[in-house]
Amino acid sequence: MHAETEVLFRDSAAQALLDPQLRANFRRAMDGLMAKRKAQFPEPQDLQDLRDLSTAIRSRSLLALPELLEQFEANCIKNGIKVHWAETCEQANELVLGILNAKGAKTLVKGKSMVSEEMHLNAFLEKHGIEALESDLGEYIIQLDGETPSHIIMPAIHKNKDQIARQFSQKIKDAKYTEDVDELTAMARKVLRQKFLDADAGLSGVNFAVAETGTLCLVENEGNGRMSTHVPPLHIAVMGLEKVVARLEDVAPLYAILTRSATGQAVSTYFNLITAPRGAGEKDGPQEVHLIILDNGRSRIYADPQLRATLRCIRCGACMNHCPVYTRVGGHAYEAVYPGPIGKILTPQMEGVGVRHDLIHGSSLCGACAEVCPVEIPIPEILVRLRREATHEDAGSNVEGRGTGRTTTEDWAWRLWAGVLKRPGLYRVASWFATRFGKALPAGAPLIKNWTRTRTTPVPARRSLSERMRAEGGRHD
Amino acid sequence: MTNRPATDARTAILGRLRAAGETGPLPSLDTAVLERCHWGAAERMDRLRKGMEAVHTEFLTASPDDWTQVVRDFCDREGLKNLLYGPGSEAGADLAASWAPGGTQLMPYDRPVEAFKDELFTGVDAGFTSTVGGVAETGGLLLMPDAAEPRLMSLVPPVHIALLRASTIQDSFWSAVKALGWGRSLPPNALMISGPSKTADIEQTLAYGVHGPKRLIVVLVDDLN
């Protein structure tokens, strides 16, 4: 049976479709992102070669994952980075809190990190009396309104500048109303620079972790990541365990395809390589760097040879920008940390395919996501696999919540269907009834209404094909 | 916080990953697409400049003999109150040796940041650093901040002036990583910078100078001949 807590994507998506402002905001942004990405890959062969290389690097890294994680950890420790492991988000949150408390830290300034969103870290820290402030401009904007990111790269993409202008004038002290983007940016700069200066600690995510050197790589344009990791005396980094690659050389093509796929930039403003806390004689940089390596279901995904491809993801967001569903309903409709196509396969695997059964079906399987994915994750194939997992308990499967998406009604419907198809006599009777009385079936009938809710009611032909073949004698003219 | 749960988590996680087994053949890596980036020294310089100018980086050209004067002229022209520099670096020492009194004041970064954090954030007009190379393919500067040229010099002041010698420009980030030996050992912090700080988080509209420097000035020293 469906779990009680199920969030229905079809309902929130339908609601989002009714919001013309939201749709306009996404349409404009996604069209821009698609065009910019395309302009970055003028040669189809170069793009394909770079995708093949990136896919191979990510696959190799995953094949050697336990060894690479151990090598990475050993090198981090050698460099003076303190490494922690967390099986769950709860553990990771407790680790962050423990590190902050040990230093008496009360304010935390954050660079953009989707893993920290996964952990719901801000809410957790606030409960414990610690201020966690987002410093990425987009994250800052949504935090002011208590919202979650609607896109993994551009978290505030659902808002337009008029909405942000109103918000800033109401929520930032002494701010005047302006719709000028430069002035709005300057306002945020002023507030946040003071926060960087005062913060007891900084937190960041990790884009790539390099095993051979024990290095954390951060990709960004704003400089808030550098501020968060270099200004406060304490830096805490959080990463999913799949982020590690063997060599720094491996990072070069991944970085090249990440920025081009994400925002259509050949390069980001900053590519920051953090290998150690403040060294002997250094005059700045954090005195302590802690790294938390989070599992949260990843090791379970890893165990399945097909689903493991999910972990190749480098979080560029191109699948969202190109998804006909995402671009129309936006990120919030998914009610998940990771929206869009990658979220549709990641969220059910983390939270359970039964709980997020609806999400797996919110796709036309058009394949646009797989076509643009820089690491060639077969998202539609995985969606189909998860649809089966949601209603079956196959031997050898370890998918979270497998089989729990099964409903009695659906079960009986399929049994009936199979029973009829297996018996030619019964099939003939059933199709006779369907062709004669099918159009009399009310659109609101159980099961049928699942189809007719968003589609026109199918009208059966007046005679079935086999009837016509018999009547017309199978002519071949 | 105790170490026990964390250690247990480590064992459990690595155990699960190991149990997943499956160490199939590693897919081979064909890096031909990266090797296609290959240019002569003069073209590398042009490409770097074009790439960085496209994201609002400003360039000043100089010769190996007059670059300190070029920096000085820029500072005076812009009316900068002061310029933060690293007295312990080679470029910093050269700059200080040639700096005439009056006008823009040279400000040495010669103590831990804690001693002047407020001043660094509010009282410094510009920071000057050297670079260890550049990247032609996309445009970008490679920096290795250290004790002589600390990390925040290229981040906190609103203007960052960076010295780049044309002969140190590499084809791509990939070739730079190899040429600089970064894969073997990395300093506590290394970075690539392609322009002034920017954001497009408000309606996809580009705005410069969001958190880091509002302007990036590259003093490009032509030392190719």
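Where in chain A does Asp174(A) lie? I will come to that residue in a moment, but let me begin with what we are looking at. This is a predicted model, in which local features need pLDDT of at least 70 and side-chain atom pairs count only at pLDDT 80 or more, while totals for chains, interfaces and linings use all residues. Residues are numbered from 1 along each chain as its sequence is written, and chains are lettered from A, with ligands numbered from 1, in the order in which they are written.

Now to the opening question: Asp174(A) lies in the loop between helix 9 (161-171) and helix 10 (181-198) of chain A, where helices (H or I, at least four residues) and strands (E, at least two) are DSSP runs numbered from the N terminus. The phi of Asp174(A) is near 60°, a positive value in a residue other than glycine. Asp174(A) counts as exposed because it has 6 C-beta neighbours inside 10 Å; a residue is buried if 20 or more other C-beta atoms lie within 10 Å of its own, exposed if 12 or fewer, and partly exposed in between, with C-beta atoms placed from the backbone.

Chain B offers a counterpart in Gln204(B), which is not a glycine and yet has a positive phi of about 65°. Gln204(B) is placed in the loop between strand 10 (198-199) and strand 11 (207-208) of chain B, and with 20 C-beta neighbours inside 10 Å it counts as buried.

Let me step back to chain A as a whole. Its domain assignment, whose bounds come from an automatic or database source, gives domain 1 (1-40 + 306-402), domain 2 (55-296) and domain 3 (408-472). The C-alpha centres of domain 2 of chain A and domain 3 of chain A lie 55 Å apart.

Two helices of chain A are worth setting side by side. Helix 20 (residues 408-422) of chain A has 15 residues and should span 21 Å at 1.5 Å a residue, which agrees with the 21 Å between its end C-alpha atoms; the expected span is 1.5 Å times one less than the number of residues. The number of buried residues in helix 20 of chain A is 0, so this helix lies largely in the open. Helix 4 (residues 65-79) of chain A also has 15 residues, an expected span of 21 Å and end C-alpha atoms 21 Å apart. Here, however, there are buried residues, among them Leu65(A), Leu69(A), Phe72(A) and Cys76(A). Just after helix 4 of chain A comes Gly80(A), with a positive phi of about 100°.

Turning to chain B, we find 7 helices and 12 strands, and a C-alpha trace that spans about 70 × 50 × 40 Å along its principal axes. Of the 225 residues in chain B, buried residues make up 50%. Within chain B, strand 2 (residues 82-85) and strand 3 (residues 105-108) pair in the parallel sense over 4 bridges, where two strands pair if DSSP finds at least two bridges between them. In that pairing, Asn82(B) stands opposite Gln105(B).

How, then, do the two chains meet? The contact takes 81 residues from chain A and 70 residues from chain B, two residues being in contact if their C-beta atoms, placed from the backbone, lie within 7 Å. On the side of chain A that touches chain B, the largest share, 10 residues, comes from helix 3 (residues 44-63) of chain A.

The chains are also joined through strands, since 5 bridges link strand 9 (residues 270-274) of chain A to strand 9 (residues 189-193) of chain B, and these two run antiparallel. Asn272(A) stands opposite Leu191(B) in strand 9 of chain B. Taken more widely, 8 strands form an open sheet in the order 8(A)-5(A)-6(A)-9(A)-9(B)-6(B)-5(B)-8(B), with mixed pairing. The edge strands are strand 8 (244-245) of chain A and strand 8 (169-170) of chain B, each of which pairs on one side only. At the chain B end of this order, strand 5 (residues 133-135) of chain B pairs with strand 8 of chain B in the parallel sense over 2 bridges, and Val135(B) stands opposite Gln170(B).

Finally, Gln265(A) is found in the loop between helix 12 (248-263) and strand 9 of chain A, and it is buried, with 22 other C-beta atoms within 10 Å.
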